[in-house]
Amino acid sequence: MLLVNDIKLSVDSNEDKLQTKIEKLLHAKINSYEIKKKSLDARKELLYVYSVIVDVDNEDKYVSNKIKKYIKTDLNPPHINTNKTVCIVGYGPSGIFSSYRLVQAGFKVIVFEKGKRINERVKDVEKFFKEGILDEDSNVQFGEGGAGTFSDAKLTTRIKNQYIDYILDVFVKHGCKQSIKYEHHPHVGTDEIRKVIKNITDYLIENGCEFHFSEEVTDFILDDSRCIKKVVTKKGEYACDYLLLGIGHSAYNTIVKLQEIGVYIEPKDIAIGFRVEHPQSLIDTRQTNNMIEEANEYLLRYKGDKGVYSFCMCPGGLVVPAMSDKNTIVTNGMSYSKRDSGIANSAILIQVPMSEFNDGYIYLKTIESKAYAYSNSYKALAQNIKDFMNNELNELIFPSTYCLGTVLYDYNNFFSKKDLRIIKEALLDFDKKIPGFIEHGIMVGPETRSSCPVRIKRDEFGQSINTKNLYPMGEGAGYGGGIMSCCLDGIRIANIIINDGNI
Ligand SMILES: Cc1cc2nc3c(=O)[nH]c(=O)nc-3n(C[C@H](O)[C@H](O)[C@H](O)COP(=O)(O)OP(=O)(O)OC[C@H]3O[C@@H](n4cnc5c(N)ncnc54)[C@H](O)[C@@H]3O)c2cc1C
């Protein structure tokens, strides 16, 4: 195989032209090709730039400075002979990918997930979105697939790691479109990711993985040397040789239980804010002059006395009610694969250092409960951005996509004086970067669950620093933020267990 870089096609060209381009470059007929990377070059005319893996006869004769030999590394784990049992608590991205690898390697894997399987979960979430009836165990945060299931399913991360290819291969093997493997900002959408996650679970079940859905782990049994021996649920006790904990950032009950049994947990900084919504056309005009059909993204950063930034931007998406506790309000963003709502949304968050709170969970819950008390319903709190800047409160310039409705609220009352000043400076800065950001936008919130307020500290071998056999992972442990980084963390922990089993 050969790796051929820097093949350019104009954005309106048919991708089928790639084969002719490659053959022209090599002066040879090729057997096949696979796109490895596709990026947009918007410096002059808009172009897509491709790297492709090419299968051609007598490949050595084409190798040059520009064309390299390509050998794909096999990233699958070794199959080992083991009778060890791994219990995995939480079936979000970290739980999915740790179980996937450990099943591949031959371990007995038992997964506990407090939420339901996707089909049932979808019904519960839709009921909440339509009728405002929340199931605290089955919602946007909890259930098969974890928090990323009702999401934009952006598969992006700034981490560079060879296992990203492994993750994308697994997603494609179980039904994702091939293009996620090479697009610069791969996006799947909630409709597609749900199907893929269900396929992965079915595959794991076929390969011997034991699943306990609707079964929350409520306690842990340790021996005298602080080594975890069993997990406890309402249905029974289960012995394990390794316990992997991928509980996400909203599992306050479980964190309290871990604190009670003395697991070392430390606080960490968080961020709070709101979602902004804009006509997608405003964002597209600025990004590419409307020359390509995709709904465009943005990434905004402001470094004032505190950082303010856009987070989890969802082009053509919806703002969703993402609470898991009754009588609270939490917003987040989701989109379908077509990203065709016509509205762009993104969280705008300000950093909250841990010096500003005692217990991060209680700090966030207080904000979420106060929002509910103000709204006296699950309607989100909303304001035009320009009204926020001018200390006014008028009807929204367009209705929010948030399905449970909104009530007008003056966000000047939401932040401390200092944070208010910084947020307003940031919005003025964002308005320079995206003209019309203030004039044409609305804010909807509050957004409080962008990251976990604690870290379950682990040692270099992935184990809790004071509790043996306990392997915290993913966002809830403070070692990931986003789908891909949590998948990677699940793999990191699985690899440690596999290597341990090999010794
Ligand atoms: C609406 C929304 C949109 C998002 N969009 C994106 C996006 O587009 N791209 C992106 O990269 N990231 C996105 N994220 C963030 C991403 O989903 C999370 O970073 C990721 O899911 C965290 O993975 P995790 O494995 O650590 O935990 P989670 O996905 O949070 O999963 C944890 C699971 O553990 C279960 N659990 C908790 N406690 C227990 C217990 N005691 N017993 C049994 N089960 C338990 C929960 O029910 C849950 O299913 C989004 C998040 C939300 C909420």
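For sorting residues by type, Ala, Val, Leu, Ile, Met, Phe, Trp, Tyr, Cys and Pro count as nonpolar, Asp, Glu, Lys and Arg as charged, and the others, Gly among them, as polar. With that in hand, welcome to this structure, which is a predicted model. Its chain is assigned three stretches of domain: domain 1 (2–69), domain 2 (85–266 + 460–502) and domain 3 (269–447). Below we visit the domains, the nonpolar cores, a cavity, and some residues worth finding on screen.

**Domains**

- Try tracing domain 2 along the chain: its assignment has two pieces, 85–266 and 460–502, and domain 3 is assigned to 269–447.
- How far apart are the centres of domain 1 and domain 3? Taken over C-alpha atoms, 41 Å separate these centres.

**Nonpolar cores**

- As general background, nonpolar side chains in soluble globular proteins tend to be buried together.
- In this model, the largest nonpolar core contains 111 residues, and Leu102, Phe107, Phe171 and Leu244 have the most contacts inside it.
- Helix α11 (residues 483–502) is the element that gives the most to this core, with 9 residues.
- Where does the core sit relative to domain 2 and domain 3? Both domains give residues to the core, so it lies between them.
- A second, separate core has 25 residues, including Ile228, Leu258, Val263 and Ile456.
- For a view inside the largest core, pick Leu102: setting aside neighbours within four places in sequence, Leu102 is in contact with Val86, Ile88, Phe107, Val109, Leu244, Ala494, Ile497 and Ile498.
- Two of these partners, Phe107 and Leu244, are also named among the residues with the most contacts inside the largest core.

**The cavity**

- How many cavities of 30 Å³ or more does a search of the whole structure find? The search finds 1.
- The largest cavity holds about 70 Å³ of space.
- Lining the largest cavity are Pro93, Ile96, Phe97, Gly145, Gly148, Thr149, Phe171, Ile193, Ile197, Ile483 and Cys487.
- Three helices, α2 (93–105), α5 (190–206) and α11, each give two or more residues to this lining.
- The largest share, 3 residues, comes from α2.
- By type, the lining residues divide into 8 nonpolar, 3 polar and no charged.
- Phe171 is one to remember, as it appears in the cavity lining and among the residues with the most contacts inside the largest core.

**Backbone details**

- Which form does the peptide bond from Gly445 to Pro446 take, cis or trans? The bond is cis, with omega near 5 degrees, and Pro446 lies in strand β21 (residues 442–447).
- Ala153 has a positive phi of about 50 degrees, although it is not a glycine.
- You can find Ala153 in the loop between α3 (118–131) and α4 (163–173), where its relative accessible area is 1%, so it counts as buried.
- Arg339 is another residue other than glycine with a positive phi, here near 45 degrees.
- The loop between β17 (331–334) and β18 (343–352) holds Arg339, and with a relative accessible area of 12% this residue is buried.

**Buried residues and their surroundings**

- Glu277 is in strand β13 (residues 270–279). Is Glu277 buried or exposed? Its relative accessible area is 0%, under the 20% limit, so Glu277 is buried.
- Apart from neighbours within four places in sequence, the contacts of Glu277 include Val319, Asn345, Phe398, His440 and Val444.
- Glu277 and Met313 are 36 residues apart in sequence, and their C-alpha atoms are 9.9 Å apart in space.
- Arg449 lies in the loop between β21 and β22 (454–456) and counts as buried at 8% relative accessibility.
- Among the contacts of Arg449, leaving aside neighbours within four places in sequence, are Gln141, His249, Asp325, Asn332 and Glu368.
- From C-alpha to C-alpha, Arg449 and Lys173 are 31 Å apart, with their places 276 residues apart in sequence.
- Ser377 belongs to the loop between α8 (360–375) and β19 (380–384). At 18% relative accessibility, Ser377 is under the 20% limit, so it counts as buried.
- Not counting residues up to four places away in sequence, Ser377 touches Ile329 and Tyr372.
- Ser377 and Gly405 are 28 residues apart in sequence, while in space they are 9.5 Å apart, C-alpha to C-alpha.

Notes: Residues numbered from 1 in each chain as written. Predicted model: local features only at pLDDT ≥ 70, side-chain atom pairs only at ≥ 80, totals over all residues. Heavy atoms only, no water. Core = buried A, V, L, I, M, F, W, Y, C linked by side-chain atoms within 4.5 Å. Buried < 20%, exposed > 50% of the residue type's maximum accessible area, 1.4 Å probe, protein only. Helix = DSSP H or I, 4+ residues; strand = E, 2+ residues; numbered from the N terminus. Domains from an automatic or database assignment. Contact = heavy atoms within 4.5 Å. 1 Å grid on protein atoms, 1.4 Å probe; cavity = no way out; pocket = protein on both sides within 12 Å on 5 of 7 lines; lining within 4 Å. Points joined across faces, edges and corners; volume = space filled by probe spheres on them.
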